[in-house]
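Good morning, colleagues. Please take a moment to look at the sequence and the model on the screen before I begin.

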Amino acid sequence: MTPLLQVERLGKQYRLPRQRLLGAAHYVQALDEVSFTLQAGRSLGVVGESGSGKSTLARLVTALETPTSGIVRFEGRDLHALPAGELRRARAGFQMVFQDPFGSLDPRQTVARIVGEPMEAQARSSAVERRERAGEMLAAVGLRTADLDKYPHEFSGGQRQRIAIARALVTQPLLIVADEPVSALDVSVQAQVLNLMQDLQERFGLSYLFISHDPAVVDLVCDDVIVLYQGRVVESGPADRLLRDPEHDYTRRLLAAAAGAVPHPTRS
């Protein structure tokens, strides 16, 4: 069976600003030889501290940036080798939920326009169809169709993240890449959003690439985990094993730090 998502030896370098006009160029290696596979209907957690390469990985997987090396295959196709038109059509199959529910929604747009935007980008639907579909997705995330004509500032942080999730669902994707989707929310709201994401996965047959600095959050949502440290995968395996009996010293330190930091959301 062809994996839904296959990442092979993925690498990304960023060029640093020159310290002198004629000085040599320097680079930072944000990702180095990262490989993993995600099957349809499964959830893979990506855990690591700030600067470990998690968000860079998310941008490469969703083809928002181009890798320096390696391959990202979605349903067997190399995303970064696709012509622009084919890549645009392929994007219907994968969407992203960002960390900041305040910054990721355009304050000048109505909820109807925000949620329907990915459909508009596909250029396959009318305004009436986009509004109808947006209303369905708002209902799926626990909001009302009456909210379609409101603006982001009229909602709480948790509600805004529900709107962002509705936007990600509107093209009926197979994969959602969630980059720290609850880290900006209060703990009680985190639990609600995580439970919603689990319900939506079961309802729509979704796969998640779930990125977080918090192993406890990943433990609630994911089947498998990879641990990133300085751009490299240092450990991987089933979540129930890795997060309880880690083998790598870095993973142990990460778990210890998370346990001593703040209360974690729990399943309802």
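Leaving aside its neighbours within four places in sequence, which residues is threonine 56 in contact with? They are Lys12, Tyr14, Ala30 and Leu31. I should say at once that this is a predicted model. Threonine 56 belongs to helix H1, which covers residues 54-61. With a relative accessible area of 8%, below the 20% limit, threonine 56 counts as buried.

Let me turn to leucine 60, which is also placed in helix H1. Is leucine 60 buried or exposed? Its relative accessibility is 0%, so leucine 60 is classed as buried. If residues up to four places away in sequence are not counted, leucine 60 touches Leu10, Lys12, Leu31, Glu65, Thr66, Pro67, Val72 and His80. As a reference distance, the C-alpha atom of leucine 60 is separated by 16 Å from that of isoleucine 226, a residue 166 positions away along the chain.

I now come to the sheet. In which order do its strands lie? The order is S2-S1-S4-S5, in an open sheet of 4 strands with antiparallel pairing. Strand S2, residues 27-38, and strand S5, residues 77-78, stand at the edges; each has a single partner strand, and therefore one side of each has no neighbour in the sheet. As a general point, strands of a sheet pair through backbone hydrogen bonds, in either a parallel or an antiparallel manner. Strand S1, residues 5-15, runs antiparallel to S2 and is joined to it by 8 bridges. Within that pairing, arginine 15 has tyrosine 27 in S2 as its bridge partner. Helix H1 packs on this sheet and touches S1, S2 and strand S4, residues 69-74. The direction of H1 makes about 115 degrees with that of S1.

Next, the charged pairs. How many salt bridges does a search of the whole structure find? The search returns 16. One of them joins the side chains of arginine 9 and glutamate 33, at 2.8 Å from N to O. This pair links distant parts of the chain, since arginine 9 sits in strand S1 and glutamate 33 in strand S2, 24 residues apart. Arginine 9 is exposed, with 55% relative accessibility, whereas glutamate 33 is partly exposed at 36%.

A second salt bridge connects the side chains of arginine 59 and glutamate 65, with an N to O distance of 2.6 Å. Arginine 59 is partly exposed, at a relative accessible area of 27%. Glutamate 65 appears again among the residues that leucine 60 touches.

A further salt bridge pairs arginine 113 with glutamate 120, whose closest N and O atoms are 3.1 Å apart. Both partners are partly exposed, arginine 113 at 41% and glutamate 120 at 32%. In addition, Arg42, Asp223 and Asp224 are linked in a network of salt bridges.

Finally, the protein as a whole. It contains 9 helices and 10 strands. What is the radius of gyration of the protein? The value is 19 Å, which agrees with the figure near 18 Å for a compact globule of 268 residues. Along the principal axes, the C-alpha atoms fill a box of roughly 50 × 45 × 45 Å. Buried residues make up 50% of the 268 residues. Of the contacts with a separation of 6 or more, 68% are between residues 24 or more positions apart. The protein exposes about 13100 Å², of which carbon and sulfur atoms supply 48%.

Thank you for your attention.

Conventions. Residues are numbered from 1 along each chain as its sequence is written. This is a predicted model: local features need pLDDT of at least 70, side-chain atom pairs count only at pLDDT 80 or more; totals for chains, interfaces and linings use all residues. Side-chain values use heavy atoms; hydrogens and water are left out. Helices (H or I, at least four residues) and strands (E, at least two) are DSSP runs, numbered from the N terminus. Buried means under 20% relative accessible area, exposed over 50%, partly exposed in between (1.4 Å probe, protein chains only). Contact means heavy atoms within 4.5 Å. Two strands pair if DSSP finds at least two bridges between them. Axes are lines fitted to C-alpha atoms, for helices over the stretch in contact, and angles run from 0 to 180 degrees between N-to-C directions. The radius of gyration is taken over C-alpha atoms; the globule rule is 2.2 Å times the number of residues to the power 0.38. Accessible areas come from the Shrake-Rupley method with a 1.4 Å probe; for residues, only the protein chains shown count as cover. A salt bridge is a side-chain nitrogen of Lys or Arg within 4 Å of a carboxyl oxygen of Asp or Glu.
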